Amino acid sequence: MSYREEVLNRVITENPRQPEFHQAVREVMESLGPVIDANEAFYRREAILERLTTPDRQIQFRVTWVDDQGNVRVNNGYRIQFNNAIGPYKGGIRLHPTVNRSVMRFLAFEQIFKNSLTGLPIGGAKGGSDFDPKGKSDREVMLFCQSFMSELYKYIGADVDVPAGDIGTGAREIGYLYGTYKRLTGRYEGVLTGKGLTYGGSLVRTEATGYGVIYILEEMLKHHGNDIEGKTIAVSGAGNVATYTIQKAQQLGAKVVTCSDSTGWIYDPEGIDVALLKDVKEVRRARLTEYAAARPSAQYHEGKGVWSIPVDIALPCATQNELDLEDAKMLVNNGVIAVVEGANMPTTIEATKYFQANKVLFIPGKAGNAGGVATSALEMSQNSERLSWSFEEVDSKLQGIMKNIYQQVSGAAKEYGKPEDFVTGANIAGFLKVTTAMHAQGIY
Ligand code: NDP
C-alpha cells in the first residue's frame, strides 16, 4: 500500500462518520501522487501527511442564548485551527443547521491549500455553528453572536487566528461578533475580516469571492483562446458568492440565466437581474419565489435542477456536493466548456472526474474562490498599517492574485505531468509551499 493510501485509511479509521472530511482528504491524496511517490521515504520519515491531515487544534463549545419567547436555546460552536505553517489561522465562520465536525474539518483542511495559493501569509482554519440565522430576529442573531464570541475570543487574535464570513455569516453577524470581541478584550484590532467599512472593513471584500471566480475564469479562457463575452452561464446559489459572480460576469458581457437557493431555482432567459436578486436576498432575506413574482421573464422551479439548462459555463456557488455525476453528464451533453467552483467542494469527486475526462476546463474551489480570503488578507494588511486602500487598488490586487493563482495551478499541473488537470495543480502548488514551511520550522 502506498504511503498516501495508508494515511487516507488512517484518516478514515480515526475519524469515523466524517464523509465530507474523508472526501476532501481523498481528493488531495489522489492528487499528490507525482510529488509523494517520487520521494516516499522522505515524506514517510517526516510523517508529513499525518501532520498535514491532523489539525493543530479543535475547539468545540456550547453556545447558549435566549430566543424572543424567553426560551433558552443551545447550539454547538466550533473552531478548527488546522495549520499555521505559513501565517496566522484564517477561515470563515459558517452558521447553518448542517454544520458538524465533518463539515468543519473538510472546510478547514481545504482552507490550508487555498490560503497557500493566494501567495499571502495565512494559515488554514474554519469555524461555525449549527445555529440557523434564517427566520431569526436581529435581536436573536445578536444574542447568539455575543454568546458565540464570548467563548471564541479566548482562542483568536489579529496575529493568532482571524475568522471571517461564510454561509449564514454576513455583514450583520460580523458586526455583532466584532462588537463582542472588542468589549471582552478592550482591543480594537483586525481580528475579523468582512467588517463594515466604518470600522475597519476593506472595499471589495463583499464582492471579492464572486469577482475572483470570474477573474480566474477569464484568465483560464484567455489561455485557451476564448473569452467570457457572449457566453451563457449557469450559477447556483443566491448568496454572497453567487450574487457577485453574476454581477461581474454580466459586467463583462456574459448572460447568467440561473440562480438557486435551498428550496428552489430560477431560470431567467433574459439574464438574472442582480439589483432585484440583492433586494430579495440581502434586504428582504426572502425566498426566490419573490424574485420570480417581480420578474415576468423568470420561471421558478421547486427543488434541484439548475444544471439542466444548456449553458457554456457552469459556476456552482451554493454549497458542498451540489453538483453530482448526473448533473455533470447533463452539462457535458449540453456542451459546457468550463466549470469554476465558487463554493467549497460543490462538485462530487465522480462529477469532477467526468468533467476532466470530457475535456471540460475545471477549476476547483480552493483556487476558484480564493479571492475572498485573499481580500480578507488585504483587509488584515490595511488594519495593520491603519490605512484604507481605494476600491481600484484592492480590485487590481485581487485581479493580480487570481491571475497568479491560475499560473501556479496550471504551471504545477504541467510540471508534474498532468497538463490541464487544475485539481492536481492546485493541490500540489498549495501543498509544496505549506510543507516546505512545516519542514523548515522543525518537528512539532
Ligand atoms: P451565503 O449564505 O451568502 O449563500 C449561500 C447560498 O447557497 C444561499 O443562497 C443558500 O440558500 C444556498 N444554499 C445553502 N445551502 C444550500 C443547499 N443545501 N442547497 C442549495 N442551496 C443552498 O453563503 P456564501 O455565498 O458566502 O457561500 C457560498 C459558498 O461559497 C460556500 O460553500 C462557502 O463556503 C463558499 N465560500 C464563501 C466565501 C465568502 O467570501 N463568502 C469565500 C470562499 C468560499 P438560502 O438563500 O435558501 O439560504
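**Close-up views of the predicted model**

**View 1. A buried cysteine, C145, opens the tour.** With a relative accessible area of 1%, C145 is buried; that word stands for under 20%, exposed for over 50% and partly exposed for the range in between, using a 1.4 Å probe and protein chains only. The model is predicted, so local features need pLDDT of at least 70 and side-chain atom pairs count only at pLDDT 80 or more, while totals for chains, interfaces and linings use all residues. Residue numbers start from 1 along each chain as its sequence is written, and side-chain values use heavy atoms, with hydrogens and water left out.

**View 2. C259 is shown with its nearest cysteine sulfur.** How many disulfides does the model hold? The count comes to 0, a disulfide being a pair of cysteine sulfur atoms within 2.5 Å. C259 takes part in none, and the nearest cysteine sulfur belongs to C317, 11 Å away. C259 is also buried, at 0% relative accessible area.

**View 3. The ligand sits among 25 residues.** Which of them come nearest? They are R94, D166, T209, S262 and N344; to belong to these surroundings, a residue needs a heavy atom within 4 Å of the ligand. Sorted by type, this shell has 6 nonpolar, 12 polar and 7 charged residues, with Asp, Glu, Lys and Arg counted as charged, Ala, Val, Leu, Ile, Met, Phe, Trp, Tyr, Cys and Pro as nonpolar, and the others, Gly among them, as polar. Helix 9 (205-222) and helix 10 (240-251) each bring at least two residues to the shell. Helices (H or I, at least four residues) and strands (E, at least two) are DSSP runs numbered from the N terminus.

**View 4. Ligand oxygens meet two lysines and a piece of backbone.** Look first at K134, where an N or O atom of the side chain lies 2.9 Å from a ligand oxygen. The side chain of K281 likewise has an N or O atom 2.9 Å from an oxygen atom of the ligand. At N240 it is a backbone N or O atom that lies 2.9 Å from a ligand oxygen. Such a pair of N or O atoms is a polar contact when it is within 3.5 Å. On its own the ligand has 890 Å² of accessible area, and the protein covers 83% of it; areas follow the Shrake-Rupley method with a 1.4 Å probe.

**View 5. Q251 and G253 lie at the end of helix 10 and in the loop after it.** Q251 belongs to helix 10 and is partly exposed, with 47% relative accessible area. From Q251 to V241, 10 residues away in sequence, the C-alpha atoms are 16 Å apart. G253 then falls in the loop that links helix 10 to strand 7 (255-260), and at 34% relative accessibility G253 is partly exposed too. Setting aside sequence neighbours within four places, G253 is in contact with I228, E229, G230 and K231, where contact means heavy atoms within 4.5 Å. The C-alpha atom of D227, 26 residues from G253 in sequence, is 9.8 Å from that of G253.

**View 6. Two loop residues, R17 and V204, have positive phi without being glycine.** For R17 the angle is near 60°, and for V204 it is about 75°. R17 is placed between helix 1 (3-14) and helix 2 (19-31), whereas V204 is in the loop joining helix 8 (171-185) to helix 9. Is each one buried or exposed? R17 is exposed, at 75% relative accessibility, while V204 is buried, at 2%.

**View 7. T118 is buried in a loop.** The loop in question runs between helix 6 (101-117) and strand 4 (123-129). T118 has 4% relative accessible area. Beyond four places in sequence, T118 touches A370, V373, A374, I401 and I405.

**View 8. Helix 17 carries S410 and A413.** This helix covers residues 391-415. Both residues are buried, S410 at 15% relative accessibility and A413 at 0%. What does A413 touch, apart from residues up to four places away in sequence? The list is K418, P419, E420, D421 and G425. V339 is 74 residues from A413 along the chain, with 17 Å between their C-alpha atoms. For S410 and S137, 273 residues apart along the chain, the C-alpha separation is 46 Å.

Notes
Polar contact = N/O pair within 3.5 Å; in protein donor to acceptor, adjacent residues only side chain to side chain.
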